[in-house]
Amino acid sequence: MSDVNALERFLLVSKINKQHEGDFFRIFLESEVYFIISGNLNFEEGRAILRPGDKLKLKSIEKDGKNYILLFSSLEILEM
């Protein structure tokens with residue numbers, strides 16, 4: 001497995017030092033992220049660019065009574 005990527009690194013740094021939260025959000029917006037979607041969608045496997053009005057049903061899990069969306073910072077981690 002590869003080293004921690006920039007998005008993961010800034011997530012960890014921002015949890016330790018709240019002054020870096022802005023850096024994390026900037027890197028997040030610049031990064032490719034991967035979601036697991038559910039439902040019947042007309043997207044081909046792989047990349048998709050959403051247009052205004054497109055809707056996705058994101059896969060989530062429940063833990064301790066809270067729902068969490070499954071988000072991955074690399075395809076390598078998603079495929080594990």
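Okay, one definition before anything else: when I say a residue is buried, I mean that its relative accessible area is under 20%. With that in hand, let's start at serine 14, which counts as buried because its relative accessibility is 5%. And keep in mind throughout that what we're looking at is a predicted model.

So where does serine 14 sit? You'll find serine 14 in helix 1, which covers residues 6-16. Its side chain reaches back to the backbone oxygen of leucine 11, at 3.0 Å. And which residues does serine 14 touch, once we set aside neighbours within four places in sequence? Those are His20, Glu21 and Phe24.

Let me step back to the whole thing for a minute. The protein has 80 residues, and 10% of them count as buried. Its secondary structure comes to three helices and six strands. Reading from the N terminus, the order is α-α-β-β-β-β-β-β-α. In other words, two helices come up front, then the six strands, then a helix at the end.

On confidence: the mean pLDDT is 84, and 85% of the residues reach 70 or more. Looking element by element, strand 5, residues 66-69, has the highest mean, at 94. The lowest is strand 2, residues 37-38, at 78.

As for contacts, take the ones with a separation of 6 or more: 42% of those are between residues 24 or more positions apart. And the protein exposes about 7,100 Å², with carbon and sulfur atoms supplying 54% of that.

Right, on to charges. Side chains of opposite charge can pair when their charged atoms come close. How many salt bridges does this structure hold? There are two.

One of them joins glutamate 21 to lysine 18, and the closest N and O atoms there are 3.6 Å apart. We've already met Glu21, by the way, among the contacts of serine 14. Glutamate 21 is partly exposed, since its relative accessible area is 33%. Lysine 18 has a relative accessibility of 52%, so it counts as exposed.

The other one pairs arginine 26 with glutamate 30, again at 3.6 Å from N to O. Why are these two about one helical turn apart? Because they both sit in helix 2, residues 21-30, at positions four residues apart. Arginine 26 is partly exposed, at 40% relative accessible area, while glutamate 30 is exposed, at 58%.

Now let's go to the other end of the chain, to serine 74. Serine 74 is in the loop between strand 6, residues 71-72, and helix 3. Is serine 74 buried or exposed? With a relative accessibility of 16%, it counts as buried. Its side chain reaches the backbone nitrogen of isoleucine 77, at 3.1 Å. Leaving out residues up to four places away in sequence, serine 74 touches Asn5 and Tyr34.

Isoleucine 77 itself belongs to helix 3, residues 75-78. It's partly exposed, with a relative accessibility of 25%. Tyrosine 34 comes up again here: it's 43 residues away from isoleucine 77 along the chain, and their C-alpha atoms are separated by 9.6 Å.

Next, the strands, and isoleucine 69 in particular. Isoleucine 69 is in strand 5, the element I mentioned with the highest mean pLDDT. Compare it with leucine 58: the two are 11 residues apart in sequence, and 6.6 Å apart in space from C-alpha to C-alpha. Apart from neighbours within four places in sequence, isoleucine 69 is in contact with Phe35, Leu58, Lys59 and Ser60.

Ile69 also belongs to a nonpolar patch on the surface. Which other residues make up that patch? They're Phe35, Ile37, Leu50, Leu56 and Leu71, and together with Ile69 they have about 490 Å² of accessible area. Notice Phe35 in there, which is one of the contacts of isoleucine 69 as well.

Last stop, aspartate 64. This one is in the loop between strand 4, residues 60-63, and strand 5. Its phi is near 55 degrees, which is a positive value in a residue other than glycine. And at 72% relative accessibility, aspartate 64 counts as exposed.

If you want to follow along on the screen, serine 14 in helix 1 is where we began, and aspartate 64, in the loop before strand 5, is where we've ended up. Thanks, everyone.

Conventions. Residues are numbered from 1 along each chain as its sequence is written. Side-chain values use heavy atoms; hydrogens and water are left out. Buried means under 20% relative accessible area, exposed over 50%, partly exposed in between (1.4 Å probe, protein chains only). A salt bridge is a side-chain nitrogen of Lys or Arg within 4 Å of a carboxyl oxygen of Asp or Glu. A polar contact is a pair of N or O atoms within 3.5 Å; within protein, one must be able to donate a hydrogen and the other to accept it, and residues adjacent in sequence count only if both atoms are side-chain atoms. Contact means heavy atoms within 4.5 Å. Accessible areas come from the Shrake-Rupley method with a 1.4 Å probe; for residues, only the protein chains shown count as cover. pLDDT is the predictor's confidence in each residue, from 0 to 100. Patches are made of residues with over 30% relative accessible area and no salt bridge: like charges are joined within 9 Å, nonpolar side chains (Val, Leu, Ile, Met, Phe, Trp, Tyr) within 5 Å.
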